[in-house]
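Trainee: I am new to this structure and would like to learn how to read a helix and a pocket. Please take me through one of each.

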Amino acid sequence: MKRLLIVTAGIELGAGVALLCFPSATVTLLLGSGLDTPAAVALGRLAGAALFALGVACWLAQYDAQSCAARGLVSAMVLYNLGAVVILGAAGIRSQQPVGVALWPAVVLHAAMTIWCVMCLLRKPTRINYATNRKEQEP
C-alpha cells in the first residue's frame, strides 16, 4: 500500500498544482474548452486545492501505510477515482465537440488507480508488532 500512496500523492499533487495555477488551461487539456467565467475559474482552483490536499494526505499516510487511517484514505481514493472515471468518461462520450488530449488518458489512469486501490484493500491487512518490529498477518 505504501507504493500506491506515494504514486497517488504524486499524481494528485501534480493535478492540484496544475488546477491551482492554471485552471483554465488544465480544463482545456481535459475537456477541450476552458473556463469562461470567474466563478468557473474559482471552482477549478477549489478542485485544485482539494486534489492538492488529497496528495498531501496520501504522502503523509505512506509513513504508516498499514494503519486503519491509511486504509480509510485508500477507500476514499477508490470512490474518488471511480467517480473521476464515470464523470470524465461521460463528459467525453456526451461531448458534441472534440475533447482535450488528456481526457482519455486521464480516464484510463483513474480506472487503473481504482483497480490498484481495490487490490490493496482486498489484501489481508498486516499489523506491526512494535515489541518485535515484525509484520504479522491479521487473524
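**Reading a helix and a pocket**

Mentor: Keep in mind that this is a predicted model. We can begin with helix α5, residues 103-122.

Trainee: What span should helix α5 have, and how far apart are its end C-alpha atoms?

Mentor: The idea is to multiply a rise of 1.5 Å a residue along the helix. For the 20 residues of α5 the expected span is 28 Å, and the end C-alpha atoms lie 29 Å apart, which agrees.

Trainee: Which residues of α5 are buried?

Mentor: Buried means under 20% relative accessible area. In α5 these residues are Leu103, Ala106, Val107, His110, Met113, Thr114, Cys117, Cys120 and Leu121. Viewed down the axis of α5, they fall within an arc of 150 degrees, so they line one face of the helix.

Trainee: Which exposed residues does the face turned away from the buried side carry?

Mentor: That face of α5 has Pro105, Val108, Ile115 and Leu122 as exposed residues. On the buried side, the cover includes α1 (2-21), α2 (23-31) and α4 (68-94).

Trainee: Now the pocket. What is the volume of the largest pocket?

Mentor: Its volume is about 650 Å³. Of the 26 residues that line this pocket, Leu19, Leu30, Leu51, Tyr80 and Leu88 are the closest to its centre.

Trainee: Which helix gives the largest share of the lining?

Mentor: α1 does, with six residues. At least two residues each come from α1, α2, α3 (38-61), α4 and α5.

Trainee: How many residues of the lining are nonpolar, polar and charged?

Mentor: The lining of the largest pocket has 20 nonpolar residues, five polar and one charged.

Technical notes
Residues numbered from 1 in each chain as written. Predicted model: local features only at pLDDT ≥ 70, side-chain atom pairs only at ≥ 80, totals over all residues. Heavy atoms only, no water. Helix = DSSP H or I, 4+ residues; strand = E, 2+ residues; numbered from the N terminus. Expected span 1.5 Å × (residues − 1). Buried < 20%, exposed > 50% of the residue type's maximum accessible area, 1.4 Å probe, protein only. Arc of directions from axis to C-beta. Contact = heavy atoms within 4.5 Å. 1 Å grid on protein atoms, 1.4 Å probe; cavity = no way out; pocket = protein on both sides within 12 Å on 5 of 7 lines; lining within 4 Å. Points joined across faces, edges and corners; volume = space filled by probe spheres on them. Nonpolar A, V, L, I, M, F, W, Y, C, P; charged D, E, K, R; others polar.
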